[in-house]
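Visitor: Could you walk me through this fold, one question at a time?

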Amino acid sequence: MHEFSMTSEIAKLVLDEAQNRGAKRVLEVNLVIGKLTFLGIEQIRFSYKLLSKGTILQGSKLKIERRDGMVECDKCGYKGPIKSQEDPFYHLSFPSLACPKCSSVVKVTEGRECTIKNIRLEV
Ligand SMILES: [Zn+2]
(Lines give C-alpha, C1' and ligand atoms only; values in the text may rest on other atoms or scores of the structure.)
Protein backbone atom coordinates (compact mmCIF):
# COMPACT_ATOMS: atom_id res chain seq x y z
CA MET A 1 0.00 0.00 0.00
CA HIS A 2 1.92 2.93 -1.36
CA GLU A 3 -0.31 5.59 0.18
CA PHE A 4 0.13 4.24 3.67
CA SER A 5 3.93 4.32 3.65
CA MET A 6 3.91 7.76 2.05
CA THR A 7 1.45 9.08 4.64
CA SER A 8 3.42 7.58 7.49
CA GLU A 9 6.52 9.42 6.22
CA ILE A 10 4.56 12.66 6.24
CA ALA A 11 3.10 12.01 9.68
CA LYS A 12 6.61 11.36 11.00
CA LEU A 13 7.93 14.62 9.54
CA VAL A 14 5.03 16.59 10.98
CA LEU A 15 5.44 15.00 14.41
CA ASP A 16 9.18 15.72 14.40
CA GLU A 17 8.55 19.32 13.48
CA ALA A 18 5.84 19.66 16.12
CA GLN A 19 8.13 18.20 18.76
CA ASN A 20 10.97 20.52 17.79
CA ARG A 21 8.71 23.47 18.28
CA GLY A 22 7.27 22.10 21.50
CA ALA A 23 3.73 21.97 20.16
CA LYS A 24 0.87 20.59 22.22
CA ARG A 25 -1.22 19.71 19.25
CA VAL A 26 -1.18 19.76 15.47
CA LEU A 27 -4.15 21.72 14.15
CA GLU A 28 -3.75 21.52 10.40
CA VAL A 29 -1.51 19.93 7.81
CA ASN A 30 -1.41 21.21 4.24
CA LEU A 31 -0.07 18.92 1.57
CA VAL A 32 0.64 19.44 -2.10
CA ILE A 33 0.26 16.29 -4.14
CA GLY A 34 0.84 16.13 -7.85
CA LYS A 35 -1.56 14.09 -9.94
CA LEU A 36 1.32 12.22 -11.53
CA THR A 37 2.24 10.67 -8.20
CA PHE A 38 -0.77 8.37 -8.77
CA LEU A 39 -1.56 8.51 -5.08
CA GLY A 40 -5.15 7.98 -4.02
CA ILE A 41 -6.42 10.90 -1.97
CA GLU A 42 -9.00 8.80 -0.14
CA GLN A 43 -6.33 6.28 0.85
CA ILE A 44 -4.12 9.09 2.10
CA ARG A 45 -6.92 10.48 4.24
CA PHE A 46 -7.72 7.03 5.58
CA SER A 47 -4.07 6.32 6.39
CA TYR A 48 -3.68 9.70 8.01
CA LYS A 49 -6.63 9.03 10.29
CA LEU A 50 -5.20 5.69 11.35
CA LEU A 51 -1.73 7.11 11.91
CA SER A 52 -2.89 10.11 13.88
CA LYS A 53 -4.74 8.07 16.49
CA GLY A 54 -3.13 8.42 19.89
CA THR A 55 -0.70 11.11 18.73
CA ILE A 56 -0.84 14.90 18.77
CA LEU A 57 -2.00 14.65 15.18
CA GLN A 58 -5.34 13.30 16.27
CA GLY A 59 -8.21 15.56 15.25
CA SER A 60 -6.06 17.73 13.02
CA LYS A 61 -7.29 18.87 9.64
CA LEU A 62 -5.64 17.40 6.58
CA LYS A 63 -5.83 19.65 3.54
CA ILE A 64 -4.66 18.38 0.21
CA GLU A 65 -3.95 20.56 -2.78
CA ARG A 66 -3.81 18.67 -6.08
CA ARG A 67 -1.45 19.81 -8.75
CA ASP A 68 -1.95 18.97 -12.40
CA GLY A 69 0.59 17.10 -14.42
CA MET A 70 2.61 19.35 -16.70
CA VAL A 71 4.99 18.12 -19.35
CA GLU A 72 7.48 19.38 -21.84
CA CYS A 73 8.21 17.82 -25.20
CA ASP A 74 11.70 18.10 -26.63
CA LYS A 75 10.60 17.03 -30.05
CA CYS A 76 7.78 19.44 -30.93
CA GLY A 77 8.16 21.94 -28.11
CA TYR A 78 4.78 21.26 -26.50
CA LYS A 79 4.48 22.61 -22.98
CA GLY A 80 1.37 22.05 -20.97
CA PRO A 81 -0.93 19.63 -19.20
CA ILE A 82 -0.93 15.94 -19.85
CA LYS A 83 -4.32 14.54 -20.79
CA SER A 84 -4.07 10.91 -19.76
CA GLN A 85 -5.92 11.60 -16.48
CA GLU A 86 -9.22 11.36 -18.29
CA ASP A 87 -8.44 7.95 -19.64
CA PRO A 88 -10.57 5.26 -17.96
CA PHE A 89 -7.58 2.92 -17.89
CA TYR A 90 -5.49 5.54 -16.21
CA HIS A 91 -5.81 3.99 -12.77
CA LEU A 92 -5.22 0.45 -13.93
CA SER A 93 -1.84 0.78 -15.51
CA PHE A 94 0.99 3.21 -15.30
CA PRO A 95 0.55 5.38 -18.39
CA SER A 96 3.47 6.06 -20.61
CA LEU A 97 3.73 9.79 -20.67
CA ALA A 98 3.33 10.71 -24.28
CA CYS A 99 3.12 14.14 -25.84
CA PRO A 100 -0.54 15.01 -26.65
CA LYS A 101 0.64 16.62 -29.88
CA CYS A 102 3.23 14.31 -31.37
CA SER A 103 3.11 11.23 -29.08
CA SER A 104 6.80 11.15 -28.31
CA VAL A 105 8.04 10.67 -24.77
CA VAL A 106 7.83 13.80 -22.66
CA LYS A 107 9.61 15.21 -19.67
CA VAL A 108 7.51 15.80 -16.55
CA THR A 109 7.93 19.31 -15.19
CA GLU A 110 5.14 19.34 -12.61
CA GLY A 111 2.83 16.88 -10.95
CA ARG A 112 5.27 14.56 -9.23
CA GLU A 113 5.52 16.57 -6.05
CA CYS A 114 4.39 15.27 -2.72
CA THR A 115 5.30 17.80 -0.11
CA ILE A 116 4.18 19.39 3.10
CA LYS A 117 3.27 22.97 2.30
CA ASN A 118 2.81 24.06 5.88
CA ILE A 119 1.47 22.97 9.21
CA ARG A 120 -0.38 24.76 11.97
CA LEU A 121 0.46 23.98 15.55
CA GLU A 122 -0.94 24.77 18.95
CA VAL A 123 2.02 25.68 21.10
ZN1 LIG B 1 5.60 16.59 -28.86
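Visitor: Which residue in β5 is the bridge partner of Val71?
Guide: This is a predicted model, so keep that in mind as we go. Strand β3 covers residues 70-72 and is joined to β5 by 3 bridges, with the two running antiparallel. In β5, the residue paired with Val71 is Val108.

Visitor: Which strands stand at the edges of that open sheet?
Guide: The sheet is built from 3 strands in the order β4-β3-β5, with antiparallel pairing. Two of them have a single partner strand each, so one side of each has no neighbour in the sheet. Those edge strands are β4 (79-81) and β5 (107-110).

Visitor: And by how much are neighbouring strands of this sheet turned against each other on average?
Guide: We're still on the open sheet that runs β4-β3-β5. Ignoring direction, the average turn between its neighbouring strands is 35°.

Visitor: Over to β1: does it run parallel or antiparallel to β2?
Guide: Strands of a sheet can pair either way, through backbone hydrogen bonds. Here 7 bridges tie β1 to strand β2, residues 61-67. One pairing puts Leu31 with Ile64 of β2. The direction of β1 and β2 is parallel.

Visitor: What stands opposite Ile33 in β6?
Guide: β1 (residues 25-34) is also joined to β6 (residues 114-122), by 8 bridges. These two strands run antiparallel. Opposite Ile33 in β6 you'll find Cys114.

Visitor: Now the helices: at roughly what angle do the axes of α1 and α2 cross?
Guide: Two packed helices are described by the angle between their axes and the distance between the axes. For α1 (residues 2-20) and α2 (residues 41-52), the axes come within 9 Å. The angle at which they cross is roughly 50°. That makes α1 oblique to α2, and the crossing is right-handed, at roughly 50°.

Visitor: How many residues of the contact of α1 with α2 are charged?
Guide: On the α1 side, the contact uses Glu3, Phe4, Thr7, Ser8 and Ala11. From α2 come Gln43, Ile44, Ser47, Tyr48, Leu51 and Ser52. Sorted by type, there are 5 nonpolar and 5 polar residues, and the charged count is 1.

Visitor: Stepping back, in what order do the elements of the protein run?
Guide: There are 2 helices and 6 strands to place. Starting from the N terminus, the order is α-β-α-β-β-β-β-β.

Visitor: What percentage of the residues in the protein are buried?
Guide: A residue is buried here if 20 or more other C-beta atoms lie within 10 Å of its own. Out of 123 residues, the buried share is 22%.

Conventions: Residues are numbered from 1 along each chain as its sequence is written. This is a predicted model: local features need pLDDT of at least 70, side-chain atom pairs count only at pLDDT 80 or more; totals for chains, interfaces and linings use all residues. Axes are lines fitted to C-alpha atoms, for helices over the stretch in contact, and angles run from 0 to 180 degrees between N-to-C directions. Helices (H or I, at least four residues) and strands (E, at least two) are DSSP runs, numbered from the N terminus. Angles under 35 degrees count as roughly parallel, over 145 as roughly antiparallel, 65 to 115 as roughly perpendicular and the rest as oblique. A crossing is left-handed if the near helix is turned anticlockwise from the far one by less than a right angle, and right-handed if clockwise. Two residues are in contact if their C-beta atoms, placed from the backbone, lie within 7 Å. Ala, Val, Leu, Ile, Met, Phe, Trp, Tyr, Cys and Pro count as nonpolar, Asp, Glu, Lys and Arg as charged, and the others, Gly among them, as polar. A residue is buried if 20 or more other C-beta atoms lie within 10 Å of its own, exposed if 12 or fewer, and partly exposed in between; C-beta atoms are placed from the backbone. Two strands pair if DSSP finds at least two bridges between them.
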